[in-house]
Amino acid sequence: TCILVFCDLNKFPALVKDGSLRTLSTSARRSTVMQAWVIDKYGNNSVLRYTKNASFPIIHYPNEVIVKVNAAGLNPLDINMRGGYGAATLAMKRDPLSINKAGSEFPLILGRDVSGVIMECGLDVSYFKPGDEVWAAIPPWKQGSLAEFVVLSANEVSHKPKSLSHVDAASLPYVAATAWSALVNTGGLNKDNSAKKRVLILGGSGGVGTFAIQMLKSWGAHVTVTCSQNAEHLVRGLGADDVVDYTAGPVERKLHTLEKFDVILDNIGGETEHWALSLLKPWCGAKYVTLVTPFLRNTDQLGLADGMMQTAVTVATKALKHITKGVHYRWGFFAPSGPALDDVSEMVDAGKIRAVVEEQFSFAQVPKAFEKVEKGHARGKIVVTVTTEQEE
């Protein structure tokens with residue numbers, strides 16, 4: 001009697017290497033569960049729950065890798081996601097055919113930044129190998145980095161800068177990917193065309209702002225930043241040419257006394273849209289790029305179809321309104337990109353960009369780390385140590 005067993009080997013990459021079978025680890029900890037901070041519903045900080053029984057990540061596709069997490073960076077997005085912001089859109093991204101019932105994303109692991117070590121590679125992964133130190137910005141529709149392990153696509157991962165510790169490295173990927181997407185992909189800036197360009201960063205002392213200052217200065221741009229007075233020393237130390245204190249009277253009046261700008265990166269939103277575009281050079285291809293958009297809010301409130309329609313109408317109306325004045329209105333979005341992080345890694349190791357970590361928390365202190373992020377007024381990034389080098 002012959003018995004045939006059929007299985008999808010892509011789901012069991014540890015079984016196959018170079019076409020032959022190899023032994024799979026029988027460690028119960030490795031193959032079944034792990035430690036993590038999860039949420040089982042949306043809400044305030046009280047929904048955060050520590051568990052030793054989170055499901056261990058599995059490689060489902062041949063281009064994926066499993067990363068052992070050393071450090072995880074927190075962002076304002078984690079606070080928003082904890083409260084359910086963007087849940088409708090992210091649910092569609094996770095389950096485009098609506099096969100699973102509502103709430104299938106739980107237990108949900110937050111954390112968009114990761115620095116760690118490759119533990120396992122899918123069959124099609126050739127750029128990385130187990131043991132490589134890597135960093136990545138994790139898309140919000142995937143399980144996050146507040147866990148011992150996380151699974152990612154190889155094209156979302158990059159080799160970590162050799163000059164940075166895991167803690168420092170975990171402060172950069174998400175803000176780097178966001179700033180790169182906004183300034184390079186949307187704003188049209190790059191290392192070859194930024195010399196002598198005038199760039200204004202509204203809200204320059206947070207994670208995206210502190211990274212953008214350094215990247216733009218390394219490319220030769222003139223950078224003006226708005227921030228509070230007690231953050232001036234920080235942003236000037238990162239290379240900002242002009243600093244405007246938004247707490248000392250109407251900031252737009254001070255900015256109007258300066259020469260007009262080629263690009264504006266807006267991390268604040270709200271009322272800034274009403275006056276910021278008048279600071280751009282007209283009829284010179286100048287762009288206003290805002291990272292504060294109503295896209296996820298629209299889809300949460302109106303549903304996916306109506307929300308996307310409302311969003312399209314809003315951005316088209318604003319873009320048309322401002323193009324008649326000779327300037328371009330754009331929305332910027334986070335976009336995960338391993339290749340972009342490769343370029344950033346080179347800049348870090350060349351000494352052109354440094355990590356700005358405001359405070360470091362242990363894995364047991366995750367709720368306190370969330371409280372710190374939620375207070376706002378950031379002076380860099382908040383980082384959680386998940387696995388220390390001594391524990392490896």
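**Strands side by side, helices crossing**

Hi everyone, let's begin with one pair of residues: Val263 has Lys287 in strand 14 as its bridge partner. Before I go on, please keep in mind that this is a predicted model.

So where does that pair sit? Strand 13 covers residues 263-266 and strand 14 covers residues 287-290, and the two pair in the parallel sense over four bridges. Another link between them is Leu265, which stands opposite Val289 in strand 14.

Now let's step outward from strand 14. Which strand does Thr290 face across the pairing? Thr290 stands opposite Trp331, in strand 15. Strand 15 spans residues 328-331, and its pairing with strand 14 is parallel, again over four bridges.

Back to strand 13, please, and look at its other partner. Strand 10, residues 198-202, runs parallel to strand 13, and four bridges join them. Here Ile201 has Leu265 in strand 13 as its bridge partner. You have met Leu265 already, opposite Val289.

And the side chains of strand 13: are they buried or exposed? Val263 and Leu265 point one way, Ile264 and Asp266 point the other way, and all of them are buried. Do notice that Asp266 is on that buried list.

Let's move on to the helices. When two helices pack, we describe them by the angle between their axes and the distance between the axes.

Take helix 5, residues 173-186, with helix 6, residues 207-218: their axes come within 9 Å and cross at roughly 60 degrees. That angle makes helix 5 oblique to helix 6. The crossing is right-handed. If you want to find the contact on your screen, look in helix 5 for residues including Val175, Trp180 and Leu183, and in helix 6 for residues including Val208, Phe211 and Met215. What kinds of residues make up this contact? Ten are nonpolar, two are polar and none is charged.

Helix 5 has a second neighbour to show you, helix 12, residues 338-349. Their axes are 10 Å apart, at an angle of about 110 degrees. That makes helix 5 roughly perpendicular to helix 12. This crossing is right-handed too. From helix 5, Pro173, Ala176 and Trp180 meet Ala340, Leu341, Asp343, Val344 and Met347 of helix 12. Seven of these residues are nonpolar, none is polar and one is charged.

One last thing to try: click on Trp180. Trp180 takes part in the contact with helix 6, and Trp180 also takes part in the contact with helix 12. Thanks for listening!

Methods: Residues numbered from 1 in each chain as written. Predicted model: local features only at pLDDT ≥ 70, side-chain atom pairs only at ≥ 80, totals over all residues. Heavy atoms only, no water. Pairing = 2+ DSSP bridges. Axes fitted to C-alpha atoms, helices over the stretch in contact; angles between N-to-C directions. Parallel < 35°, antiparallel > 145°, perpendicular 65-115°, else oblique. Left-handed = near helix turned anticlockwise from the far one by under 90°. Contact = heavy atoms within 4.5 Å. Nonpolar A, V, L, I, M, F, W, Y, C, P; charged D, E, K, R; others polar. Buried < 20%, exposed > 50% of the residue type's maximum accessible area, 1.4 Å probe, protein only.
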